[in-house]
Every structure is written in structure tokens, then in C-alpha cells.
Amino acid sequence: MPILINYLLIAFFIFFGGTSATTASTFSREGKASWLTRMVPVTARDQILGRTGVAILIQSLGIVFTIIAVQLIVPLPLSTLLLTIVLGTLGSLPILLFGLFMDMNRPLLNWDNPQKAIKNNMNVVITLFVGMAYAGLLIGLSGLLGYFINPIIGYGIFALISAILSYIFYKVINRRLEAEFLNFES
């Protein structure tokens with residue numbers, strides 16, 4: 001069942017993005033030095049792209065090693081690999097942007113040990129649970145549509161919902177980022 005293998009790989013790739021604390025702690029990790037970021041003349045768009053891009057880069061490393069392991073066990077066609085990589089990365093974008101949104105709204109700036117910025121940060125936990133619920137619902141819906149109706153419709157719905165949510169989160173974050181930077185309390 002190729003559709004099952006595709007969705008399992010997509011889910012696994014989304015798992016890498018959803019469990020990454022990179023965006024969900026991006027502002028918190030700056031701590032009391034967050035004023036430095038406020039002083040740098042960087043646009044909100046560049047902030048979003050930079051902070052999300054690092055998370056995607058980290059996720060890509062997990063994807064590469066997973067593909068190598070899977071190819072050694074069960075060789076998959078190139079079309080399956082490309083489809084799962086694209087949809088897995090696209091599916092994780094809303095989770096990464098949600099984590100960025102959470103940390104932008106409630107950063108943990110007061111910490112005495114850098115590990116506390118991640119380990120004691122509820123933004124990471126909230127993003128993890130919301131992201132896994134989102135991924136489960138999205139994969140369940142699109143997988144059922146793909147299995148019972150047509151695989152292309154399932155993949156299309158998956159891509160469409162992921163793209164719309166990513167766009168909405170991007171617009172909300174872009175609009176509020178500058179104001180949130182000015183309203184951080186140290």
C-alpha cells in the first residue's frame with residue numbers, strides 16, 4: 001500500500017518539525033539579551049524566515065538520515081521520496097510557525113541557566129501537543145480522502161490546508177512581531 005507508506009513517512013517527517021523546540025523557544029533563548037535583537041535593523045519578514053529556516057534545516061537533517069535508513073531497508077522510488085519530503089516539510093511549517101507565535105507572545109526571558117529556556121518553557125510543550133494533534137488530524141483526514149476517494153485529492157487537501165495555515169500564521173506573526181518586540185518585559 002504505497003499511500004500508507006507515503007503518509008507514514010510524511011508523519012515521521014512532521015514529527016521532526018513538531019518535536020523541535022527551535023521555534024517554540026527562539027525568543028526565550030535570547031533571555032535578557034533580547035534587547036540586542038530589537039536593536040538590529042532586520043525586518044519582521046527576515047526574522048520569521050531566519051528563525052523558521054533554522055528549524056527547517058534541523059528537520060532536514062532528520063529527514064536525510066531517515067531516508068538513508070529507509071533506502072537501506074526498503075528501496076523506495078524517487079517520486080515517493082520527493083512527495084514525502086515536500087509534504088512532510090510543508091506539513092510541519094504550520095507547527096513551526098505556531099511555535100514561533102507562542103514564543104513571541106509569551107517568551108521566557110528570565111532564566112539563570114540556558115537549559116531552562118527550553119526545558120522549563122511551556123511554549124515547547126504546548127507546541128508539541130498542538131502540533132501532534134494537528135498532524136494527526138490532517139494526516140487522518142487527507143489519508144482517508146486519499147485512500148477512499150483518490151490519492152491525489154488526499155495529497156492536495158494536505159498541501160492546501162498546510163499552505164493556508166502557514167500563510168495565516170505568517171501574516172499574523174509578521175503583523176505582530178514588531179509590536180511584540182517592543183512590548184517584551186525583561
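In this predicted model, begin with helices α1 and α3, whose crossing is right-handed. Select residues 2-19 for α1; the axes of α1 and α3 lie 8 Å apart, at an angle of about 145°. To display the contact, show Leu-9, Phe-12, Phe-13, Ile-14, Phe-16 and Gly-17 on α1. Opposite them on α3, show Gln-59, Gly-62, Ile-63, Thr-66, Ile-67 and Val-70. By class, this contact comprises 8 nonpolar and 4 polar residues, with no charged ones.

Next, keep α3 (residues 44-73) and add α4 (residues 78-105). The axes of α3 and α4 come within 10 Å and cross at roughly 145°, and this crossing is right-handed. The α3 side of the contact includes Ile-48, Arg-51, Ala-55, Gln-59, Ile-63 and Ile-67, while the α4 side includes Leu-81, Ile-85, Gly-88, Leu-93 and Leu-100. This contact has 11 nonpolar, 6 polar and 1 charged residues.

Now turn to the aromatic rings, which form 5 pairs in the structure. Return to α1 and select Phe-12 and Phe-16, an edge-to-face pair with centres 5.1 Å apart and planes at 70°. Because Phe-12 and Phe-16 are 4 residues apart in helix α1, about one helical turn separates them. Phe-12 is partly exposed, at 39% relative accessible area; Phe-16 is also partly exposed, at 23%.

Then select Tyr-147 and Phe-148, another edge-to-face pair, 4.9 Å centre to centre with 85° between the planes. Phe-148 is exposed, with a relative accessible area of 61%.

Finally, select Phe-98, Phe-101 and Phe-169, which ring pairs link into a cluster.

Notes
Residues numbered from 1 in each chain as written. Predicted model: local features only at pLDDT ≥ 70, side-chain atom pairs only at ≥ 80, totals over all residues. Heavy atoms only, no water. Axes fitted to C-alpha atoms, helices over the stretch in contact; angles between N-to-C directions. Helix = DSSP H or I, 4+ residues; strand = E, 2+ residues; numbered from the N terminus. Left-handed = near helix turned anticlockwise from the far one by under 90°. Contact = heavy atoms within 4.5 Å. Nonpolar A, V, L, I, M, F, W, Y, C, P; charged D, E, K, R; others polar. Phe/Tyr/Trp six-rings, centres within 6.5 Å; stacked < 30°, edge-to-face > 60°. Buried < 20%, exposed > 50% of the residue type's maximum accessible area, 1.4 Å probe, protein only.
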